[in-house]
Amino acid sequence: MPSNDAALAQYRKRLLPVFSPALTLARGAGTRVWDADGREYLDLLGGIAVNSLGHAHPAWVEAIAGQAATLGHISNLYASEPQVDLAGRLLQITGAESGGRVFFANSGAEANEAALKAVLRRDGERHRLLALEGSFHGRTLGALSLTAKPAYRAPFAEFTGPARFLEPGDLAALEAELRAGDVAALVLEVIQGEAGVIPLPDGYLAAARRLTSQYGALLWIDEVQTGIGRTGAWTGYLNPALGGPLRGAEGLAARTADAAVPAVAWDAGPAPTAGSPDLVTLAKGLGGGFPIGAMVAMNQAAAGLLRPGDHGNTFSGGPLACAAALATLATIENEGLMAHAAELGAAWRRDLAKVPGVKATRGAGLLVGIVLQTPNAPQLVKAAQAAGFLVGATGPETLRLAPPLILTQDQAARFTAALPKLIKEAA
């Protein structure tokens with residue numbers, strides 16, 4: 001294999017310059033990766049919240065290898081057992097109503113595209129969409145329509161659909177928009193990762209559910225980054241630390257107790273309640289590193305929005321991706337990684353907040369935002385890499401940490417101990 005620098009030079013000659021990779025990674029094991037020169041790094045970014053089990057977890061490797069040796073790609077002209085099993089599992093862990101259904105995609109943006117088409121398929125005069133300032137829902141044209149960041153939207157504004165962006169927490173503005181009676185859906189993230197790991201204001205999630213139900217709009221929660229155990233619960237809207245569970249603690253306990261039960265009712269169910277989202281999108285951590293996304297229609301009404309021929313995808317829900325996702329979900333549950341993420345993340349944020357040069361910490365579970373006192377987060381990312389840590393920046397002031405859920409307390413403490421020196425080097 002070429003050296004790290006030689007491989008990057010070839011990258012720049014051969015790939016479009018939409019990304020600027022800083023390293024050529026050669027292999028990974030658990031929470032560690034090694035570059036092409038053999039240098040080791042502690043991976044505190046996890047492929048941006050994707051590598052939920054770390055790198056080369058034995059259960060994940062075994063599941064993919066076993067499925068590859070059995071049945072690989074089959075298209076969506078045919079069904080497979082992993083596909084059906086994973087759909088049932090997702091209906092369980094999201095707390096979907098009886099009558100809920102799943103559409104598989106290959107990424108978070110694709111899952112959001114499916115949800116977008118679903119909400120636009122509503123009958124009647126409901127054609128407007130609401131999203132929140134600071135939101136990020138993907139870079140494909142439909143998802144970009146709901147992404148607030150002007151730098152991403154402006155070059156393609158002519159080809160994106162209209163959406164009204166509201167300030168998170170401004171319930172008066174939300175109700176004023178909904179009162180017009182023409183809103184199809186409100187889409188939101190329980191933590192805005194791209195904006196700087198910013199949770200929704202207290203009470204906003206439950207109020208958004210109440211208001212959308214009151215005025216007949218759908219509530220679509222984008223859990224692409226916050227789902228699959230990242231915040232300490234299967235989804236952010238089920239996490240008490242983030243305003244959940246929307247349907248009450250009793251419901252959450254019941255769903256947790258039933259988590260290992262494979263049977264899911266696929267028959268037509270009751271009308272949507274006022275307590276759960278209508279649509280949920282998932283990706284990132286779902287496949288543990290294997291590309292897969294999902295749009296979960298949480299009730300019978302939402303499941304009826306897309307009709308045969310409305311949407312499709314050649315690769316979505318393939319046996320390999322579904323086997324990887326099933327192994328990821330089982331491992332998260334069997335190894336108690338959600339409780340681990342919640343406990344370690346809370347303690348880690350407290351410790352990081354005490355470091356000189358840190359203004360504040362945000363987030364939930366192992367989705368951690370570190371707000372710096374000086375706007376030099378990109379420089380700190382480089383300093384951290386030089387010191388053997390992979391971290392990310394969401395802007396000039398904020399670092400984002402989204403490590404594998406198997407991160408240990410000692411590994412987290414190692415970064416905390418190194419942070420004061422990194423802050424000085426980045427100044």
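Start by selecting strand S14 (strands are DSSP runs of E, at least two residues, and helices are runs of H or I, at least four residues, both numbered from the N terminus): Leu 367, Gly 369 and Val 371 point one way, Val 368, Ile 370 and Leu 372 point the other way, and all are buried. Buried means under 20% relative accessible area, exposed means over 50%, and partly exposed lies in between, with a 1.4 Å probe and protein chains only. In a regular strand the side chains alternate between the two faces of the sheet.

Before moving on, note that this is a predicted model, in which local features need pLDDT of at least 70 and side-chain atom pairs count only at pLDDT 80 or more, while totals for chains, interfaces and linings use all residues. Residues are numbered from 1 along each chain as its sequence is written, and side-chain values use heavy atoms, leaving out hydrogens and water.

**Next stop: the partners of S14**

Now add residues 358-364, which are strand S13; six bridges join S13 to S14 (residues 367-372), and the two run antiparallel. Strands pair here if DSSP finds at least two bridges between them. Look for Ala 364 opposite Leu 367, then for Gly 363 opposite Val 368. Which residue in the turn of this hairpin has a positive phi? Select Gly 365: its phi is about 55°, and two residues lie between S13 and S14.

Then select residues 398-401 to show strand S17, which is joined to S14 by four bridges and runs antiparallel to S14. Click on Val 368 again to find its bridge partner in S17, Leu 401.

**Across to another sheet**

Select S1, S2, S3 and S15: these four strands form an open sheet in that order, with mixed pairing. S1 and S15 (389-390) are at the edges with a single partner strand each, so one side of each has no neighbour in the sheet. Zoom in on S2 (residues 32-35) and S3 (residues 40-43), an antiparallel pair with three bridges. Here Val 33 has Tyr 41 in S3 as its bridge partner.

**Last stop: out on the surface**

Finish at Leu 16, in the loop between helix H1 (4-14) and strand S1 (25-29). Is Leu 16 buried or exposed? Leu 16 counts as exposed because its relative accessibility is 66%. Add Val 18 and Phe 19 to your selection, and you have the nonpolar surface patch of about 390 Å² that they make with Leu 16. Patches are made of residues with over 30% relative accessible area and no salt bridge, with like charges joined within 9 Å and nonpolar side chains (Val, Leu, Ile, Met, Phe, Trp, Tyr) within 5 Å.

Technical notes
Accessible areas come from the Shrake-Rupley method with a 1.4 Å probe; for residues, only the protein chains shown count as cover. A salt bridge is a side-chain nitrogen of Lys or Arg within 4 Å of a carboxyl oxygen of Asp or Glu.
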